[in-house]
Amino acid sequence: MRYERSLNTIDEQKELFCGVSDAIWDNPETSFGEYYAAELLMRVLEENGFCVTRGHSWQSTSQCRGSYAKRAMLYAGKAVAGTLIRLFEDPSLIERAKAEHREKIGDGYVCGLPDGLEPEIQPRPTDEK
């Protein structure tokens, strides 16, 4: 029963989920500077009744305030699990998704970083006092 309800909710929200995914795809960000995507996801969650803690760190992404947040995390996990179950039950969905992806990207992915760009390497802190 819950499985079906989760799948129905995913289907009902397909337009929202695909819209958010498309917007993130259309606005690529690199070098851990995912500000557009983070802001969009936070805004969509807030618009749908979620309490969002702003900031991007493992501490803020792993916290869970109140029973509603725990339910939201469980729901998100169930949504992911439900999607995986559907893919296992109907492998043609994967091929259709791949075909749609190929159609959208045309000649392929082009990295937005300039050639020769090297990441900044931060020195490892020492234990010296």
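**A helical chain and its second largest pocket**

The protein chain has 6 helices and 0 strands, and I should say at the start that what you see above is a predicted model. If you follow the chain from the N terminus on, the elements run α-α-α-α-α-α.

Let me begin with the chain as a whole. It has 129 residues, of which 11% count as buried, and its accessible surface comes to about 11300 Å², with 57% of that surface belonging to carbon and sulfur atoms. When we take the contacts in the protein chain with a separation of 6 or more, residues 24 or more positions apart account for 42% of them.

Now please look at helix α1, where I would like to ask which residues are buried. In α1 these are S6, L7 and I10, and they lie on the same side of the helix because they cover an arc of only 95° around its axis. As a general point, an α-helix has 3.6 residues a turn, so residues three or four places apart point the same way. On the other side of α1, we find that R5 and E12 are exposed.

From L7 we can move across to A81, a residue in helix α5. Although L7 and A81 are 74 residues apart along the chain, their C-alpha atoms are separated by 10.0 Å. Is A81 buried, exposed or partly exposed? With a relative accessible area of 33%, A81 is partly exposed, because that value falls between the 20% under which a residue is called buried and the 50% over which it is called exposed.

My next stop is the second largest pocket, which has a volume of about 1000 Å³. There are 21 residues lining this pocket, and the closest to its centre are K14, C18, T83, A97 and E100. Which elements give two or more residues to the lining? They are α1, which spans 2-12, α2, which spans 14-26, α5, which spans 66-89, and α6, which spans 92-105. The largest share of the lining, 7 residues, comes from α6. If we sort the lining of the second largest pocket by class, we count 11 nonpolar, 3 polar and 7 charged residues.

Finally, I would like to turn to a loop, the one between α3 (35-47) and α4 (58-62), where V52 is found. Leaving aside residues up to four places away in sequence, V52 touches M42, L45 and E46. For one of these, M42, we can also give a distance, since the C-alpha atoms of V52 and M42 are separated by 6.4 Å, with the two residues 10 positions apart along the chain.

Conventions
Residues numbered from 1 in each chain as written. Predicted model: local features only at pLDDT ≥ 70, side-chain atom pairs only at ≥ 80, totals over all residues. Heavy atoms only, no water. 1 Å grid on protein atoms, 1.4 Å probe; cavity = no way out; pocket = protein on both sides within 12 Å on 5 of 7 lines; lining within 4 Å. Points joined across faces, edges and corners; volume = space filled by probe spheres on them. Helix = DSSP H or I, 4+ residues; strand = E, 2+ residues; numbered from the N terminus. Nonpolar A, V, L, I, M, F, W, Y, C, P; charged D, E, K, R; others polar. Buried < 20%, exposed > 50% of the residue type's maximum accessible area, 1.4 Å probe, protein only. Contact = heavy atoms within 4.5 Å. Areas by Shrake-Rupley, 256 points an atom, 1.4 Å probe, with all protein chains shown as cover. Arc of directions from axis to C-beta.
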